[in-house]
Amino acid sequence: MSENLLEVKDLHVQYNTDDAVVYALNGVSLNLKEGEKLGLVGETGAGKTTLALSVLRLLPKVGQIASGSISYKGEELLDKPESYMLGLRGRRVSMIFQDPMTSLNPVKSVGDQIREVLDLHFPQLTKEAKNEKVDQMLQLVGIPASRKNEFPHQFSGGMKQRVVIAMALISQPELLLADEPTTALDVTIQAQIMALMGQLKDRFNTAVLLITHDLGLVAEFCDTVAVIYSGCIVESGTVEDIFSGKNNHPYTKGLIGCIPDLSKDEDRLHPIPGHMADARTLPSGCPFADRCANAMDKCRKERPEAFSEGTHTVFCHLFDNMRGGV
Ligand code: SF4
């Protein structure tokens with residue numbers, strides 16, 4: 001059996017709107033092992049959330065998995081009936097959504113919302129046992145259990161995100177999909193939430209797919225990284241592979257170049273020029289070609305193949321010679 005907890009292979013997802021087809025994921029492949037922390041990095045609109053929603057089969061109605069495979073513990077999720085997915089979601093695979101403000105029900109107490117997970121997935125537990133677990137979980141995320149009867153509007157943004165984390169982890173899932181879990185929070189609260197997620201991950205040995213545009217967060221939290229651009233994985237490897245600065249994809253170089261370097265006396269940041277390609281048109285060549293300073297003729301015509309060295313893989317024509325290609 002595969003040693004991977006999650007295996008996504010050549011996944012193509014599209015949104016069929018009245019006006020056009022939007023190609024959100026174009027052949028995405030990635031693996032995640034048990035207990036591993038994988039950072040999925042890319043700009044807004046690159047397909048990160050679409051990937052997480054595809055794993056849970058929670059795409060909106062206009063979304064369609066056109067082809068590919070999503071295997072979880074060796075089982076193909078795309079062939080499973082909805083009843084199987086109901087048992088998986090929130091029990092074995094949990095998700096933290098981007099905005100805690102809209103993830104919580106405003107008219108239910110936070111304790112009731114956390115307990116709902118137990119009602120659904122652990123109906124055999126007594127009421128007392130569930131209440132005890134809710135109290136323990138609140139304390140674990142740094143909220144006094146005495147506040148469980150309060151409502152979301154009585155909590156700050158950071159506290160609400162702690163409640164969302166408690167809801168996601170009370171079932172001790174094998175995999176946590178964390179979609180920009182700290183974007184809505186200020187920097188000090190962000191650090192606290194990431195430290196908390198790290199502690200809980202270690203305690204429950206939960207694998208984490210951290211979706212973010214923040215490379216700094218990835219460097220601190222993750223073991224491995226996949227960089228996604230226009231619905232394609234353009235580079236993947238360990239954190240060391242990506243941040244060593246050796247053989248990076250030009251897009252990853254651009255992302256790293258956007259991080260302010262406090263040791264240098266510079267008064268301007270270095271954004272990547274241009275915009276992401278229109279997702280309504282499938283690129284025939286490299287999706288990054290319009291923004292890449294190294295683009296060659298063949299970049300616009302041929303999709304780059306993978307160049308791999310150990311754990312590090314890059315999809316870019318600059319490495320064709322190293323691969324023994326043209
Ligand atoms: Fe740039 Fe070409 Fe590499 Fe794409 S394949 S990143 S356009 S050099």
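**A cavity, a pocket and the helices around H4**

One cavity of 30 Å³ or more is counted here. The model that holds it is predicted. The largest cavity contains about 100 Å³ of space. Its lining has 15 residues. Nearest its centre lie Pro250, Cys286, Cys292, Cys299 and Cys316. By class, the lining of the largest cavity has 12 nonpolar residues and three polar ones. Charged residues are absent from this lining.

Now turn to the pockets. The largest pocket has a volume of about 530 Å³. It is lined by 19 residues. Arg89, Gly90, Phe97, Val117 and Met167 are the closest to its centre. Which elements give two or more residues to the lining of the largest pocket? They are strand S6 (93-96), H4 and H6. The largest share comes from H4, with five residues. By class, the lining of the largest pocket has 12 nonpolar, five polar and two charged residues.

H4 is a good place to continue. Two packed helices are described by the angle between their axes and by the distance between those axes. Take H4 and H6 as a pair. Helix H4 covers residues 110-121, and helix H6 covers residues 157-169. Their axes are 8 Å apart, and the packing angle is about 20°. Angles under 35 degrees count as roughly parallel. H4 and H6 are therefore roughly parallel to each other. Their crossing is right-handed. On the H4 side, the contact is made by Val110, Gln113, Ile114 and Val117. On the H6 side, Val163, Ala166 and Met167 take part. Six residues of this contact are nonpolar and one is polar, with no charged residue. Two names return here. Val117 of H4 and Met167 of H6 belong to the contact, and Val117 and Met167 are also among the residues closest to the centre of the largest pocket.

H4 has a contact with H5 as well. Helix H5 runs over residues 127-140. The axes of H4 and H5 come within 10 Å and cross at roughly 125°. How do H4 and H5 lie, oblique or roughly parallel to each other? H4 and H5 are oblique, because their angle falls outside the ranges for roughly parallel, roughly antiparallel and roughly perpendicular. H4 passes H5 in a right-handed crossing. From H4, the contact draws on Gly111, Ile114, Arg115, Leu118 and Asp119. From H5 come Lys130, Asn131, Lys133, Val134 and Leu138. By class, the contact of H4 with H5 has four nonpolar, two polar and four charged residues. Ile114 appears in the contact of H4 with H6, and Ile114 appears in the contact of H4 with H5 too.

Note on methods
Residues numbered from 1 in each chain as written. Predicted model: local features only at pLDDT ≥ 70, side-chain atom pairs only at ≥ 80, totals over all residues. Heavy atoms only, no water. Axes fitted to C-alpha atoms, helices over the stretch in contact; angles between N-to-C directions. Helix = DSSP H or I, 4+ residues; strand = E, 2+ residues; numbered from the N terminus. Parallel < 35°, antiparallel > 145°, perpendicular 65-115°, else oblique. Left-handed = near helix turned anticlockwise from the far one by under 90°. Contact = heavy atoms within 4.5 Å. Nonpolar A, V, L, I, M, F, W, Y, C, P; charged D, E, K, R; others polar. 1 Å grid on protein atoms, 1.4 Å probe; cavity = no way out; pocket = protein on both sides within 12 Å on 5 of 7 lines; lining within 4 Å. Points joined across faces, edges and corners; volume = space filled by probe spheres on them.
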